[in-house]
Amino acid sequence: MKPELLLVAPLVIAFATGIATFLARRRPRLAGALSVGGAALLLAAALALLAQVVAAGPIATQAANWPAPFGITFVADLLSAIMVATTGVMALVIAVYALAEIPRPLESAGFHTFYQILIGGVCGAFLTGDLFNLYVWFEVNLMASFALLVLGGSREQLDGGIKYVAINLVATAMFLVAVAVLYGLTGTLNMADLHQSVGRVGDVGLLTVVACLFLLGFGIKSAVFPLFFWLPASYHTPPVTVSALFAALLTKVGVYALIRVFTLIFTRDVAFTHTVLLVVAGLTMVTGVLGAVAQMQVRRLLAFHIISQIGYMIMGLALMTPLALAGAIYFMLHNILAKANLFLISGVMRRTAGSFDLGEIGGLWKANPALALLFAVAAFSLAGMPPLSGFWGKLLLIKAGLDAESYAIAAVALTVGLLTLYSMVKIWNEGFWKPHPAGDGGVVTLAAALPGGRVWLLMAPIVVLAGLTVAMGLFAGPVVRVMLTAADQLLNSDAYVAAVFGSGR
Amino acid sequence: MTAPNQGTRPTSLILSAATRLIAGLMLMFSVFMLLRGHNAPGGGFVGGLIAVTAFALYAKSRGTEEARRTLGLPPEVIAVAGLGCALGAGLVGPLLGRPFLTGQWLVIGGDGHGGGFAISNIVLFDIGVYLVVVGAVLTVLFALEEEV
């Protein structure tokens, strides 16, 4: 297979799987199997793409063979390839979890189809080299995620879903306006071409305004301060599978888009734009973690932590040094694995102890020590305990902050880390350690909660994700080296631009 | 699924009489836009939206029940069929060793220097987009109309 085809393979696989699962919707078992198979295929293609990019640098392909910058370019540098590979991993493990968790009526209502379309949309956003095309992928994601959010149609879900879709429409409108003004300024929407032509724009002030519009649009998408309110309002309402998928991928698409435009395009007034980003990063970390302290509902608590941790990624982008960007990418990868895993675990907690509310559950340690251990891995990684992955992510970012003499942000990052630990210990104490309010009978074992072999469909994804978290921590050296290469490609865009324009053909 | 207020819904003679005329014209215009998009402004997306407007008008004047019957197929089936068309059209390129979505042209008649009737897989792609838009928007529209 030609390497260029690897760029469209994830999209083709996801959408073809979406069609196949739709055709099989009246036979949920078959549709579920197709969904898992498609996700496995997507992961294989994504890993092949990653291997290609690691070995030979950024690659690009021109859709419909129209030369850049006139057509739509698909391009993958190391950051894109890492994100697509991570999407593949998450798509596969969460699809397996879905087999045991999603009820039959939702499956026949098209759950697997929307799931695959969302995965395809996310991959598209990571792989496109064109700003307007990025907008289209955002819309695909918005439609598919809205469908997943309200599928089942309880009152609570519709309430969260409307908030979600309303504010996200504002975000995409803002994004579209920004795209239009930028096109008016430069006459191009190809990102590599923009990288070169923003240098020729005379009106730097207007360019900064456009940058801020992008910041607003992507900021809503990635739930940064003060634009995050939609996230805790909606993430705790759908099935756990959907929460986990959203927690893993959706906000990260926003963060990816921020990293992309603020390293490739808006680098002319770094003193202003990246200072704004730094302030936003600090406030996001603090408000997110403080919001979490007040929560007693596991999924709401975790949703606030997503916000807090988005702050760390933005911090890495704001500092704009190789180490900081590498830290941001490492942290993003770690966070996707650990946070999605915590959501998956919360689903098992509810099944065995009966509720998402920490006040109503307990005793999980005694009933399910294996689950407790897996929770500890994910939670303490999130809190940044060595040698787990969260520790290295925070270490890189704080080191980068100190190197850049941004002592305030480094202090904030450290303090927020401690508060994160507090929240994780709260879940541990309330959910696992203290006795169940209803006595020992309140908690059932995993095998009793899910008879038959289905318990493994829930537990295997959790075990795999916990394993990956541990591996990321133990093999931090080689992983960080890859991240540093990715950061280097972001800061020196020559290879990216050359791939877009030079592939010729 | 039937709308609970189907029977009591106010009907307007003017609207239903006008719809009979306008909806047909709009559907023809949508196909015109779809085909015009081949070499000029237009295309599957905008054509699809015009077709949706025709069905929305029809649903307003006659009810979604009647609109669904006229549509013939469930809208979600139309959307997925469109996705399949678009994807299939895109894959013609890679099968022939060219990038994704590359147009492959078949010229019927003509002398090789222009003239003749040229057709390509891009038409199939555009038809796919048309169907996706019609199917997806009508799915949402009918669902909203029936919930209220």
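A residue counts as buried when its relative accessible area is under 20%. Keep that cut-off at hand, because Leu101(B) is buried by it, with a relative accessible area of 17%. The model you have open is a predicted one, and Leu101(B) is a good place to begin.

**Stop 1: Leu101(B)**

Select Leu101(B) and look at the loop between helix H4 (75-95) and strand S1 (105-108) of chain B. Now check the backbone: phi of Leu101(B) is near 75°, a positive value in a residue other than glycine. Most residues other than glycine have a negative phi, which is the reason to pause here.

**Stop 2: the rest of chain B**

Widen the selection to chain B as a whole. You will find five helices and two strands, and if you colour them along the sequence the pattern reads α-α-α-α-β-β-α. How much of chain B is buried? Of its 148 residues, 36% are. Turn on contacts with a sequence separation of 6 or more, and 64% of those in chain B join residues 24 or more positions apart. With the surface displayed, chain B shows about 8,200 Å² of accessible area, and 72% of that belongs to carbon and sulfur atoms.

**Stop 3: where the two chains meet**

Keep chain B on screen and bring in chain A. Here 17 residues of chain A are in contact with 15 residues of chain B. The size of an interface is often given as the accessible area lost when the parts come together. Between chain A and chain B the buried area is about 1,400 Å², with carbon and sulfur atoms giving 79% of it. Which three residues of chain A should you highlight for the area that chain A buries against chain B? Pick Val12(A), Ile19(A) and Phe22(A): they supply 34% of that area, more than any other three residues.

**Stop 4: chain A from a distance**

Hide chain B and zoom out on chain A, which has 22 helices and two strands. Its C-alpha atoms fill a box of roughly 70 × 55 × 40 Å along the principal axes. A compact globule of 505 residues would have a radius of gyration near 23 Å, and chain A agrees with this at 22 Å. Colour by burial, and 63% of the 505 residues of chain A count as buried. Contacts come next: among those between residues at least 6 apart in sequence, 82% join residues at least 24 apart.

Switch to a surface view of chain A, and the accessible area comes to about 16,800 Å², 70% of it from carbon and sulfur atoms. Then colour by charge: the mean positions of the 26 positive and 19 negative charges of chain A lie 10 Å apart.

**Stop 5: Leu249(A)**

Go back to sticks and select Leu249(A), in helix H11 (residues 240-264) of chain A. Is this residue buried or exposed? Leu249(A) counts as buried, at 3% relative accessibility. Leaving aside neighbours within four places in sequence, show what Leu249(A) touches: Thr87(A), Met90(A), Ile119(A) and Val122(A). You can also draw a C-alpha to C-alpha distance to Met332(A), which is 83 residues from Leu249(A) in sequence and 10.0 Å from it in space.

**Stop 6: Leu216(A)**

Move to helix H9 (residues 204-222) of chain A and pick Leu216(A). This leucine is partly exposed, with a relative accessible area of 34%. Not counting residues up to four places away in sequence, Leu216(A) touches Met174(A) and Leu227(A). Try a distance to Leu189(A) too: the two residues are 27 apart along the chain, and their C-alpha atoms are separated by 19 Å.

**Stop 7: two cis peptide bonds**

Most peptide bonds are trans, and the next two selections are exceptions. Which residues does the one with omega of about -5° join? They are Phe225(A) and Pro226(A), and Pro226(A) sits in the loop between H9 and helix H10 (230-234). For the other, select Pro386(A) and Pro387(A), whose peptide bond is cis with omega near 0°. Pro387(A) is in the loop between helix H16 (369-383) and helix H17 (389-403).

**Last stop: Asn65(A)**

Finish at the loop between strand S1 (59-62) and strand S2 (73-76) of chain A, where you will find Asn65(A). Its phi is positive, about 65°, although Asn65(A) is not a glycine. Asn65(A) is partly exposed, with a relative accessible area of 22%, whereas Leu101(B), where the tour began, is buried.

Terms used:
Residues numbered from 1 in each chain as written. Chains lettered and ligands numbered in written order. Predicted model: local features only at pLDDT ≥ 70, side-chain atom pairs only at ≥ 80, totals over all residues. Heavy atoms only, no water. Helix = DSSP H or I, 4+ residues; strand = E, 2+ residues; numbered from the N terminus. Rg over C-alpha atoms; globule rule 2.2 N^0.38 Å. Buried < 20%, exposed > 50% of the residue type's maximum accessible area, 1.4 Å probe, protein only. Contact = heavy atoms within 4.5 Å. Areas by Shrake-Rupley, 256 points an atom, 1.4 Å probe, with all protein chains shown as cover. Lys, Arg positive; Asp, Glu negative; His and termini not counted. Charge placed at Lys NZ, Arg CZ, Asp CG, Glu CD. Buried area = accessible area lost by both parts, 1.4 Å probe.
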